[in-house]
Amino acid sequence: MIPFVDLKAQYASVREEVNAAIQGVLDSCQFTLGSEVVAFEKEFAAYSGAQLGIGVNTGTSALHLALLAADIGPGDEVITVPFTFVASVAAIHYTGATPVLVDIDPKTFTMDPQAFEAAITPRTRAVIPVHLYGQMADMDPILAIARKHKLVVIEDACQAHGAEYKGRRAGSLGDMGCFSFYPGKNLGAYGEGGLVTTANEEYARKIRMLRDWGAEKKYQHVLKGFNFRLEGIQGAVLRVKLKYLDKWTEARRVAAGHYNRLLAGVVPTPHAEPHNRHVYHIYAIRTAHRAAWQDSLNARGIQNGIHYPIPVHLLPAYADLGYSQGQFPHSESAANEELSLPMFPELTLAQCEEVAAAIRSLASQDPSVAALRA
Ligand SMILES: Cc1ncc(COP(=O)(O)O)c(C=O)c1O
């Protein structure tokens, strides 16, 4: 069996350190926020090339509070992509603003800057480029368009810890960057977690208040806030794991390199722009016969996934946005063809070879691959 991700292997490699860190929180009884969270906020902001970090309970809350910090609400429009995890759009909805969707670039699966510019109206207040699968969106044109129209840029970096665009790290380019520490993420908590990066003291101050009931001091509620605090145990675990993140990212990149080499000319492999440091949260190939390939991989014990089978504009939950089939053709074909192969730092060359051999044998029986390759 080859797992899709192997959280047990990773825990085994840091077990002693993580257990000691958790014990430290148990001893200090700083269960929510506290010194481990404060230290992690500083360390993760520094890692991301950002000035400030504010820990929250999830990546979704990071997006939600980033939008609220920029005073976005009813009557405002926020632009993002439909080919993402639903949370990117849900966070906009939570604020009362209207999500406006634009298609992706079919090569990178990230926001098409021209489509973004075409969707701007007098109501547009912000844009959320999603750094999908660990590759950053094309930030230079996105930032230039946003500056021209005075829009707030909120990076959805939930899949992109340590990813780089022209040498700059995810979370350091926009006005705010939002991260998730869901266990399966490149930097995963042992529970839930999230964080906002920013260089803006005012945004940081508001997010700190909003995550803790909008209080400036205990029981002095200045804003209508939330209970979105990051737990002390998660801060402690994340501090330990952050030390290994670059090593784990390099291991992902090596595994992606094996797949790229073994699958070259066999299936369309991920397109990484040369100016990007892709951190391969997901290793995505494309096939027009995905269901059959999944059956075959499953039968061979090779776990796999789809990220994501239905673009947000076609999800029943967001039917009220009023979009229809055919409106975002690149997002729709990506959703129909994308197949995620096993990807985690501990993946071995032998495992990559086994996965690639299975894909090669499927592709050799599949005439449509030739068309996709072209
Ligand atoms: C692109 C993207 N945005 C937002 C989120 C939301 O993060 P969380 O699950 O921590 O709320 C996730 C991850 O689940 C994600 O992949």
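Here a biologist and a modeller talk through the ligand site and some backbone features of this predicted model.

Biologist: Happy to start with the ligand! In which pocket does the ligand sit, and how much of its area does the protein bury?

Modeller: Good place to begin. The ligand sits in the largest pocket. Taken alone, the ligand exposes 390 Å². Of that area, the share buried by the protein is 93%.

Biologist: Which element gives the most residues to the shell around the ligand?

Modeller: The shell holds 16 residues, with G59, T60, D156, S180 and K185 the closest. Two elements give two or more residues to this shell, namely α3 (59–69) and α4 (87–95). With three residues, the one that gives the most is α3.

Biologist: How do the residues of that shell divide into nonpolar, polar and charged?

Modeller: Let's sort them by class. Two of the shell residues are charged and six are nonpolar. The polar residues number eight.

Biologist: What distance separates the side chain of T60 from an oxygen atom of the ligand?

Modeller: Let me set T60 beside two other contacts. G59 uses a backbone N or O atom, which lies 2.8 Å from a ligand oxygen. S180 brings a polar side-chain atom to 2.7 Å from an oxygen atom of the ligand. For T60, an N or O atom in the side chain is the partner, and the distance to a ligand oxygen is 2.5 Å.

Biologist: Now the backbone, please. Is L33 buried or exposed?

Modeller: L33 lies in the loop between α1 (7–28) and α2 (35–47). Its phi is near 55 degrees, a positive value in a residue other than glycine. Most residues other than glycine have a negative phi. The relative accessible area of L33 is 16%, and the cut-off is under 20%, so L33 counts as buried.

Biologist: And K166: is that residue buried, partly exposed or exposed?

Modeller: K166 is found in the loop between β6 (164–165) and β7 (168–169). K166 also has a positive phi, near 50 degrees. Its relative accessible area is 46%, which falls between the cut-offs of 20% and 50%, so K166 is partly exposed.

Biologist: One more for the road. Which residues does a cis peptide bond join?

Modeller: Most peptide bonds are trans. In this cis bond, omega is about 10 degrees. One partner, Y308, lies in the loop between α10 (290–299) and α11 (329–337). The residues joined are H307 and Y308.

Definitions and conventions
Residues are numbered from 1 along each chain as its sequence is written. This is a predicted model: local features need pLDDT of at least 70, side-chain atom pairs count only at pLDDT 80 or more; totals for chains, interfaces and linings use all residues. Side-chain values use heavy atoms; hydrogens and water are left out. Helices (H or I, at least four residues) and strands (E, at least two) are DSSP runs, numbered from the N terminus. Buried means under 20% relative accessible area, exposed over 50%, partly exposed in between (1.4 Å probe, protein chains only). A residue is near a molecule or strand if one of its heavy atoms lies within 4 Å of it. A polar contact is a pair of N or O atoms within 3.5 Å; within protein, one must be able to donate a hydrogen and the other to accept it, and residues adjacent in sequence count only if both atoms are side-chain atoms. Accessible areas come from the Shrake-Rupley method with a 1.4 Å probe; for residues, only the protein chains shown count as cover. On a 1 Å grid over the protein atoms alone, a cavity is a set of points where a 1.4 Å probe fits but cannot get out, and a pocket is an open set with protein on both sides within 12 Å along at least five of seven lines; lining residues have an atom within 4 Å of a point. A molecule sits in a cavity or pocket if more than half of its atoms lie within 2 Å of its grid points. Ala, Val, Leu, Ile, Met, Phe, Trp, Tyr, Cys and Pro count as nonpolar, Asp, Glu, Lys and Arg as charged, and the others, Gly among them, as polar.
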